[in-house]
Amino acid sequence: MAKLGNTEAEALLRAYFKEEYEHERVMSRETPPKAWPASLGRATAQAGDTARKARRVELFAACAIIALSLSPALFDAGAAPLARKAAALYSHGAGERLLESLIAGSAEIVQSYSKSNASALMRAP
Amino acid sequence: MENSEEARGESWSMWRPKAAAYARAFGVFSAEERFEIADEAIARAYAARARFDATRDFSPWFFAIVRRLCLDALKKKRELPLLPERLAAEPTRQLSAEGEAMAREEKDFVRRFVLALPRADRELTSLVYSQELSISEAALVLARPEGTIKWRLAMIRKALRKAWERAYG
């Protein structure tokens, strides 16, 4: 065999690795991913976070509406931040789920919102 | 990587075997493990695409992700001794005309040589000769100075020439 120079040595290495890469390329086609890779699960988790946030917004709206329904005075005041936010949420369609939530059990919803707010709401006349 | 399903599919088919080929250089991962690493690397790159500086080359950034995953996987394996025979047991398919043309003896010689290299050198040769990364790009991936990379490559070529002379001189 001929004496090996730098160029030939590089050529040998390139040929070897090219073949290895071809091997992996064929295997890649033959072995598709079994499952969505783990880190893409994080995207799903993030979507879950978004859903939880939306749920919290709905719960907040539920609490606000309960407060309003229990306290006409608060509703009449109108300037209360709670009332303003609840009205805004309701106008953006949070009401549908809100009604379902109310049916499911308003006390539970209020408790899950926050203890302090719930107690404040429950004290409302 | 563009933000579309088609682009993602293309990226997947293009980068998956590249990542697996690089993971192969570590010498300890089975085919299944290599493709798990490759899939995870692509997923991470895709998830982090907003952080990628588009003015830079994608390859070094991507292979740095693959490398981190390989090193993590190595740790999980509790740094098992390298098992080049494991790779040797996996026959490399003869696919390309160029590959077919390469004499079997030469191929076996280079295979034995590469498998006998230390892991860091196998990584380097894979990045430069398989993934076609430049010296500076390989230096970025391996977090080593360019001078060190250049010197290591020269040493690897020299070792290959000497081994060739011993075998066929």
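What follows is a friendly conversation about a predicted model, covering burial, ring pairs, a shared core and two loop residues.

Biologist: Let's begin with B:Leu160. Why is B:Leu160 called buried?

Modeller: Its relative accessible area is 0%, and buried means under 20%, so B:Leu160 counts as buried. The residue is found in helix α9 of chain B, which covers residues 146-168.

Biologist: Which residues is B:Leu160 in contact with, leaving aside its neighbours within four places in sequence?

Modeller: From chain A there are A:Leu4, A:Ala9, A:Leu12 and A:Leu13, and from chain B there are B:Phe109 and B:Phe113. As for B:Val114, which is 46 residues away along the chain, its C-alpha atom is separated from that of B:Leu160 by 8.9 Å.

Biologist: Now the rings. How many aromatic pairs does the structure hold over all chains?

Modeller: There are 15 over all chains. One of them joins A:Tyr16 and A:Phe17, with 5.1 Å centre to centre and 75° between the planes.

Biologist: What makes A:Tyr16 and A:Phe17 an edge-to-face pair?

Modeller: Two values decide it. Ring centres must lie within 6.5 Å, and planes over 60 degrees apart count as edge-to-face. With 5.1 Å and 75°, this pair therefore meets both conditions.

Biologist: And how do you know whether A:Tyr16 and A:Phe17 are buried or exposed?

Modeller: The relative accessible area is 7% for A:Tyr16 and 2% for A:Phe17. The limit for buried is under 20%, so both residues are buried.

Biologist: What makes B:Tyr22 and B:Phe26 an edge-to-face pair?

Modeller: Their centres are 5.6 Å apart and their planes differ by 75°. Since the cut-offs are within 6.5 Å and over 60 degrees, the name fits. B:Tyr22 and B:Phe26 are buried too. They also belong to a cluster linked by ring pairs, whose members include B:Trp15, B:Phe29, B:Phe62 and B:Phe63.

Biologist: Why do you say that the charged end of B:Lys18 sits over the ring of A:Tyr21?

Modeller: The charged end is 5.7 Å from the centre of that ring. The distance must be within 6 Å, and the charge must also be within 35 degrees of the ring normal. So 5.7 Å passes the distance test. B:Lys18 also sits over the ring of B:Trp15, with its charged end 5.4 Å from the centre.

Biologist: Which residues touch the most other members of the largest nonpolar core?

Modeller: Among its 55 residues, those are B:Phe29, B:Phe62, B:Phe63 and B:Val66. Both chains take part: α1 of chain A supplies at least two residues, as do several helices of chain B, including α2 and α9. The most comes from α3(B), with nine residues. Leaving aside neighbours within four places in sequence, B:Phe62 is in contact with B:Trp15, B:Ala19, B:Ala41, B:Ile42 and B:Ala45.

Biologist: Finally, the loops. Why is B:Glu132 called exposed?

Modeller: Its relative accessible area is 53%, and exposed means over 50%, so B:Glu132 counts as exposed. B:Glu132 is placed in the loop between α7 and α8 of chain B, and has a positive phi of about 60° although it is not a glycine.

Biologist: How do you know whether B:Ala143 is buried or exposed?

Modeller: At 61% relative accessibility, B:Ala143 is over the 50% limit, so it counts as exposed. B:Ala143 lies in the loop between α8 and α9 of chain B, and its phi is positive, near 55°.

How values were computed: Residues are numbered from 1 along each chain as its sequence is written. Chains are lettered from A and ligands numbered from 1 in the order in which they are written. This is a predicted model: local features need pLDDT of at least 70, side-chain atom pairs count only at pLDDT 80 or more; totals for chains, interfaces and linings use all residues. Side-chain values use heavy atoms; hydrogens and water are left out. Helices (H or I, at least four residues) and strands (E, at least two) are DSSP runs, numbered from the N terminus. Buried means under 20% relative accessible area, exposed over 50%, partly exposed in between (1.4 Å probe, protein chains only). Contact means heavy atoms within 4.5 Å. Rings of Phe, Tyr and Trp (its six-membered ring) pair if their centres lie within 6.5 Å; planes under 30 degrees apart count as stacked, over 60 as edge-to-face and the rest as tilted. A nonpolar core is a set of buried Ala, Val, Leu, Ile, Met, Phe, Trp, Tyr and Cys residues joined through side-chain atoms within 4.5 Å.
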